[in-house]
Amino acid sequence: MILTQEALKLPQINYVALSPMLILFGAATVGVLVEAFAGRGRRYPVQLGLSLVSLVAALVMVVRVAHTRELTAGGAVAVDGPALFLEGTLAVLGIVALLLVAERSLEPGGPFVAVAAVTAGTEADRVQAQRRDAGTEVYPLLLFALGGMMLFVSANDLLTMFVALEVFSLPLYLMCGLARRRRLLSQEAALKYFLLGAFASAFFLFGIAMIYGYAGQINFAAIHEAIQSSTNDRILLYLGLALLAIGLLFKAAAVPFHVWTPDVYQGAPTPVTAFMAACTKVAAFGALLRVIYVAFERTAWDLRLVIGGIAVLTMVVGSVLAVTQTDIKRLLAYSSIANAGYLLVGVLAVGGNGNHDGLASSMFYLVAYGFSVVAAFGVVTLVRDADGEATHLSRWAGLGRRSPLYAGLFTFLLLAFAGIPLTSGFTSKFAVFGAALASGQAWLVVLGAITSVILAFPYLRVVVLVWLSEPGENTPTVSIPGALTSAALAIGALATLLLGIAPQPLLDLSSRAAEFVR
Amino acid sequence: MTWVLVAVLAVPAVGAVFRSRAVAAGAAAIAFLLSVALATGRSDGGLTGPIRPWHQLDVSWVPGLNLRFHLGVDGISYPLVVLTTLLTLLCCVYLLWTDGDGTLAALLLVIEVGIVGVFLALDLVLFFVFFEIVLLPMYAVIAGWGGAGRRPAARKFVLYTLFGSVLLLVGVFVVVSRAGTADLVVLSAQHMLPADTQLAAFILLSIAFAVKSPLWPLHTWLPDAHTEAPTVGSVILAGVLLKMGTYGLLRVAVGVLPDGARRVAPVLGVLAVTAILVGGLVCLAQTELKRLIAYSSVGHMGFVLLGIATLTATGFEAALIGNVAHGIITGLLFFLAGAIKDRTHTGDLSELGGLRETAPYLSGILGYAAIASLGLPGLAGFWGEAFAVIAALRRGGPLWTVLAVLAALGGALAAAYFLRLLYRVTHGAARPAVVGIGEPVPGELVAWAPLVVLALAVGLVPALVLGVAQTAVQVMAP
């Protein structure tokens, strides 16, 4: 009897340290119950309030446990500097994205429908697209996704990581299909994302199996040990690592696993795109950093060339294809791909001999880019005509004359993407490239600098189009944003400016946080 | 005095916010007075390195990126700072009198902040930040207020400059990460980089600065940008923006990387003399007024670069006074070209004949500026070119002697094409385009007069520039 009890002894769980994600999962579950039991009219305020409060609460808890450095839940979850930093980042970016998601003044009833899977073009779909009192399902989905992302960046074994991957991916697939306008495009995006994402997950899972075959363990620390001591065939290790990397790089939108990005970014409802561009990047790179530098640090040298090659490909393909885009959302999607390349440069800069600049600058980059990209997509939601958002670039001609304020804001954000000094884009690129150069990756820095010039062109083209072209009859108006979108834009733009002129506090914070526990 | 360093940047920055011509002129005037005042209370502060700022301000900004807000002014930067504030002031006054645009004036102030910042920065990263700030407002000035072909011209300008910025950025990265500091005072005092790193970094930086200067064969953006830019844009572009390149080459590339400089200097010298000759020959064949002046800039900047390439104190002095003289004279020439084009709506030399008949004062000033530009002794243009040739001769050896001779020939070419310009434009019977055009209005005269006076003053008393710069140049020359 005593024996059985010992065998069933549950692992110690530090609930306080895990509270940020627990709060979000709890709130998401409550959100589902709200959908089931609250009246239609009351759901929107309740859901919005619940999501906002839970995100703020999660953020508060992150701050309160900020000094925790431990493994908990039987070593399945790491609560360390990078995990907490990224959890905080996810909470803040989640709040900003939530403000865009919750905006209802631009479109009666908000930009979402209730059911993603109704066949597009049918009567039922038309009916649901015209309902004004539905579409609150997106809030619990958002919370589940954020909770999953938080778990993803702090998972300390491969199986937990896989579970987290699925927990945040499934809501995202669904959210992509919820657009009220252009239903077919939205569903196509959701299906594409789902299918490719399912493949990526399968690769990831297969990779776990390979690694398990090699190390006999799925725990990161154990894998780290096994790489030195195991006598098994290394082929298993490399194959497993490659398959894992495919799964992670898919989420990070690195070339050649990027093909879903433009279609999904274009088809998904813009607030969801903003959420994905900011938060999915954080989650994917958080997990990538942890996998590489906690579990596979001893093979990092073998990896360097491969990941370096992928980084170069990502930067080049992202920036070159961005030049040819004619749709603003696709343009931002390719820019997001190129930014994944710059982040990979930062990932590679995480060197041995106690140099944490690469990790710190990558985390800084994730925050800076997240704020700018949420605000940029926020502006995209404002440029509308009778059919919804006008995303074709030709329609943006002369927007500066129609509404100088938002055109100016968008220009500022594009300058940040282009890495012009006094914006967060410059600081973050400088930090990442500086760290990469310090760890001897000069060739990546050179290519990074060249591609950022190429990438400056599409941005500049948009700026020229917006300011120097005559507004045509086709130029849509810019809707007056409601309080929520205004707040999101203000936060995003202010952060972009502040991180450009006074980045030191966040740089300090990220470099203090930049140490994994194993 | 350190507050003046900040104020000279802050005043135009604040003035730009209002987007009003009157405010811009006021801010530019205050900035000019402040910049002149920088010369008071000079002392080398007991420093012994090659850079001994009279005043400096050193505040930590972003230690994580090695970025310090480190400003300082010395004999090399002071004349350029004053030139910048003066030309910006004159441009703002010009806009005030003519039907200028408040936004255009505001952009000029932003450009001023960037350029003055480049001249004042004593931190390499800060230098880069200011270098970049100039790019977009200048692009906007050309693309927003330029002539018919402004879009392609502006695009070309951006393309070249961004290309230069990338090389500059990589060069800055190399220097800062290898040396572990971005402080220009420290970097120029202790050359801690190994020779190969110096060579690589020098090549990167000198190409970056050569794009800006511009040095042949990276100059092709310049004529287009000048031809299409509005008058004030051309004045700022030629007057001071190009100086960022030569100043950067002198202070950053040569100052921080002397070993690299020694190894590349002959190449720079050859390119500089090629620029002088090519600029002169192209000018002889030019038929468009602003293009001609733009190409003459290529030649003049060739002399400046030749001076720097000799790596001697005489050469540096030549570069410095050449920079200032070119800023004054070419600024004036572009003002005049703008005035003529505004009146006649053409820049074609063959259609401008007989200007002397219909607007004798205007053509008189044009003649004065052209003669100053061709390097007549007694006017400002003479010293820079003469000293550059002398510096190359003194450097000795067959290569430098040949370069000196060719550069002197290039100086003669300048005389030829400017006299051809005057012959075409001012002499002969009045062509239809110049009939009935007005003489300079008071606003224009106010904007031009300081330049006319300075061209003579610097020509007669070169010590105006060289006096303040002498110590700085002497300690800098290797």
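**Exercise 1. Find the residue that stands opposite A:R384 in this predicted model, then work out the sheet around it.**

*Step 1.* Start at A:R384 and look across to β4(A): the residue standing opposite is A:E389.

*Step 2.* Now zoom out to the two strands. Strand β3 of chain A covers residues 383-385, and 2 bridges join it to β4(A). The two run antiparallel.

*Step 3.* Add the remaining strand. The order is β4-β3-β5 in chain A, an open sheet of 3 strands with antiparallel pairing. The edges are β4 (388-389) and β5 (477-478) of chain A, since each of them pairs on one side only.

*Step 4.* Check what packs on this sheet. Helix α15 of chain A, residues 357-382, touches β3, β4 and β5 of chain A. Its direction makes about 20° with that of β3(A).

**Exercise 2. Decide how helices α8 and α10 of chain A are oriented: roughly parallel or roughly antiparallel?**

*Step 1.* Get the two descriptors. Two packed helices are described by the angle between their axes and the distance between the axes.

*Step 2.* Fill them in. The axes of α8 (residues 183-215) and α10 (residues 234-252) of chain A come within 7 Å and cross at roughly 155°.

*Step 3.* Compare with the cut-off: angles over 145 degrees count as roughly antiparallel. So α8(A) and α10(A) are roughly antiparallel to each other.

*Step 4.* Add the handedness and the residues. α8(A) passes α10(A) in a left-handed crossing. Sorted by class, their contact has 19 nonpolar, 5 polar and 2 charged residues.

**Exercise 3. Describe how strands β1 and β2 of chain B are joined.**

*Step 1.* Locate them: β1(B) is residues 55-62 and β2(B) is residues 67-73. They run antiparallel, with 7 bridges between them.

*Step 2.* Pick out one pair. B:D58 has B:H70 in β2(B) as its bridge partner.

*Step 3.* Look at the link. The two strands form a hairpin with 4 residues between them, and B:N66 in the turn has a positive phi of about 60°.

**Exercise 4. Test each chain against the globule rule.**

*Step 1.* Take chain A, which has 21 helices and 5 strands. For its 518 residues, a compact globule would have a radius of gyration near 24 Å; chain A has 22 Å, which agrees. Its C-alpha trace spans about 75 × 55 × 40 Å along the principal axes.

*Step 2.* Take chain B, with 19 helices and 2 strands. The radius of gyration of chain B is 21 Å, close to the 23 Å the rule gives for 478 residues, so chain B is as compact as a globular protein of that length. The C-alpha trace of chain B spans about 65 × 55 × 40 Å along its principal axes.

Conventions
Residues are numbered from 1 along each chain as its sequence is written. Chains are lettered from A and ligands numbered from 1 in the order in which they are written. This is a predicted model: local features need pLDDT of at least 70, side-chain atom pairs count only at pLDDT 80 or more; totals for chains, interfaces and linings use all residues. Side-chain values use heavy atoms; hydrogens and water are left out. Axes are lines fitted to C-alpha atoms, for helices over the stretch in contact, and angles run from 0 to 180 degrees between N-to-C directions. Angles under 35 degrees count as roughly parallel, over 145 as roughly antiparallel, 65 to 115 as roughly perpendicular and the rest as oblique. A crossing is left-handed if the near helix is turned anticlockwise from the far one by less than a right angle, and right-handed if clockwise. Ala, Val, Leu, Ile, Met, Phe, Trp, Tyr, Cys and Pro count as nonpolar, Asp, Glu, Lys and Arg as charged, and the others, Gly among them, as polar. Two strands pair if DSSP finds at least two bridges between them. Contact means heavy atoms within 4.5 Å. The radius of gyration is taken over C-alpha atoms; the globule rule is 2.2 Å times the number of residues to the power 0.38.
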